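Below is a short briefing for a reader who has not met this structure before. The sequence and the model come first.

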Amino acid sequence: MLGRTAVSYLRKQTQVHILKRGFADQVAQGSEKLKLSFATPTSALRKDASVDMVVFPAATGMMGVLPQHVPTVAQLKPGVVTVIEEGKEDKYFVSSGFAFVTQDRTDILAVEAVRLEDLDKEAVQRGLSECESAINSASDEVSQAIAQIGVEVHSAMKSALES
C-alpha cells in the first residue's frame, strides 16, 4: 500500500493541465471569414470558401460556427446545413456525416447533400409513407432498423421543407 507522500507525489506527476476556452470571445485580426469545405463522397460543394458563418444539425442540436470557434467534432443528423456568405444563405439538406471545426476552418463531410430547393415535397411525402409502411411490415430487426432510418430522414426533409 502506498503512503500519503507517495500518493501526493503521483498526483502531482500525473496532473494534466487542460486549456479551457469558451465561446469565441473575439475574432482575431484578419480572420473575419471562416474557411469552409463541404463535401460528399461524390462532390465538393464548397472548397476552402470564405464564409461568414455555417449552421449545421449536430447530434447534440443545431450548431452555429463563426471564425475563432472552439475546436470540436460533431456528428451530423438529418437536417439543414446553412452557409451564410455576404448576407446570402445557401441551404442544403444532409442525411448524416461529420463536421470538424477548428479555429480557422470548418470541414463538413456529409453522406448525402442536396440543395433544399431541389427537394420534391411530394416525393418526400411518398418516401415517408413507404418507410412507415416498411416498419409495420418488417420481418426482422435489420429491416425494421433500415425502415426507421428512412422515416427519420424523410421526416427531417419534410420538416425542412415546411420551415
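The points below cover the nonpolar cores, an aromatic pair and the strands around β6.

This is a predicted model, in which local features need pLDDT of at least 70 and side-chain atom pairs count only at pLDDT 80 or more, while totals for chains, interfaces and linings use all residues. Residues are numbered from 1 along each chain as its sequence is written, and side-chain values use heavy atoms, without hydrogens and water.

**Nonpolar cores**
- The largest nonpolar core (buried Ala, Val, Leu, Ile, Met, Phe, Trp, Tyr and Cys residues joined through side-chain atoms within 4.5 Å) has 20 residues.
- Phe38, Val54, Phe56, Val81 and Ile108 have the most contacts inside this core.
- A second, separate core has nine residues, among them Phe93, Val124, Ala156 and Ala160.

**Aromatic pairs**
- The whole structure holds two aromatic pairs (ring centres within 6.5 Å; planes under 30 degrees apart are stacked, over 60 edge-to-face, the rest tilted).
- The ring centres of Phe38 and Tyr92 lie 5.1 Å apart with planes at 90 degrees, so this pair is edge-to-face.
- Phe38 belongs to strand β1 and Tyr92 to strand β7 (strands are DSSP E runs of at least two residues, numbered from the N terminus), 54 residues apart.
- Both Phe38 and Tyr92 are buried (under 20% relative accessible area, 1.4 Å probe, protein chains only).

**Strand β6 and its partners**
- Strand β6 spans residues 79-85 and is largely enclosed by the rest of the structure, because six of its seven residues are buried.
- β3 and β6 run antiparallel and are joined by three bridges; Val54 has Val83 as its bridge partner in β6.
- β6 and β7 also run antiparallel, joined by seven bridges.

Note on methods: Buried means under 20% relative accessible area, exposed over 50%, partly exposed in between (1.4 Å probe, protein chains only). Rings of Phe, Tyr and Trp (its six-membered ring) pair if their centres lie within 6.5 Å; planes under 30 degrees apart count as stacked, over 60 as edge-to-face and the rest as tilted. Helices (H or I, at least four residues) and strands (E, at least two) are DSSP runs, numbered from the N terminus. Two strands pair if DSSP finds at least two bridges between them.
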